[in-house]
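Welcome! Here is a short briefing to help you find your way around a structure you may be seeing for the first time.

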Amino acid sequence: MTNDLIDLATKVGMALQAKRLVLATAESCTGGGVSQAVTEISGSTGWFECGFVTYSNASKTELLDVSAALIAQFGSVSEEVAGAMAEGALANSNADVVVSTTGIAGPTGAVPGKPVGTVCFGWSRGDTTHTERLVFQGDRQSVREQAVAHALRGLLRFIE
């Protein structure tokens, strides 16, 4: 775990505590990396509820209530699915706010219009969901680390 990620996770924890919010995660390509980063912080039990690692499409449907039709229409790596993952984690936990990730970390998995490094994010709170799609450069580890950092930075912006 890099110092930058620990610093970001610390800031997230402080922001969540200040607003009395509890976080959950819904992760695919990051494989629990966001959850790992936030649980590195002592006291995270006060603001972190749970993490869903839904790597397969079936788990996205079963655990997060993401519609199989939505996945078929847009693909599991899409803003639509990232948003549905975030909303599903919010509905299936006691959290107040959720961040989700789904993407293609590589080195394989690219499809037309979705190169390796494509990651979609979702942030959900109450009736508001924001999504974003980015393409990161680098190897699998680098893409995943960049995605975790972006998820945390986006979470800070989303809850402020």
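Helix α6 covers residues 140–159 of this predicted model. At 1.5 Å a residue, its 20 residues should span 28 Å, and the end C-alpha atoms are 29 Å apart, so the two values agree.

**Helix α6 and its neighbours**
- Many names appear on the buried list of α6, among them Val143, Ala147, Val148, Leu152, Leu155 and Ile159.
- His150 of α6 is buried too, and so are Gly154 and Phe158.
- Two helices, α1 (3–19) and α2 (33–39), pack against the buried residues of α6.
- Those buried residues also pack against the strands β1 (23–27), β3 (97–103), β4 (118–125) and β5 (128–135).

**The fold as a whole**
- The protein chain holds 6 helices and 5 strands.
- Read from the N terminus, the order of these elements is α-β-α-β-α-α-α-β-β-β-α.
- With a radius of gyration of 14 Å, close to the 15 Å given by the globule rule for 160 residues, the protein chain is as compact as a globular protein of that length.
- The C-alpha trace spans about 40 × 30 × 20 Å along its principal axes.

**Inside and contacts**
- Buried residues make up 49% of the 160 in the protein chain.
- Taking contacts between residues at least 6 apart in sequence, 62% join residues at least 24 apart.

**Surface and charge**
- The protein chain has an accessible surface of about 7400 Å², and carbon and sulfur atoms account for 49% of that area.
- There are 11 positive and 16 negative charges, and their mean positions lie 4 Å apart.

Note on methods
Residues are numbered from 1 along each chain as its sequence is written. This is a predicted model: local features need pLDDT of at least 70, side-chain atom pairs count only at pLDDT 80 or more; totals for chains, interfaces and linings use all residues. Side-chain values use heavy atoms; hydrogens and water are left out. Helices (H or I, at least four residues) and strands (E, at least two) are DSSP runs, numbered from the N terminus. The radius of gyration is taken over C-alpha atoms; the globule rule is 2.2 Å times the number of residues to the power 0.38. Buried means under 20% relative accessible area, exposed over 50%, partly exposed in between (1.4 Å probe, protein chains only). Contact means heavy atoms within 4.5 Å. Accessible areas come from the Shrake-Rupley method with a 1.4 Å probe; for residues, only the protein chains shown count as cover. Lys and Arg count as positive and Asp and Glu as negative; His and the chain ends are not counted. The place of a charge is taken as NZ of Lys, CZ of Arg, CG of Asp or CD of Glu. The expected span of a helix is 1.5 Å times one less than its number of residues.
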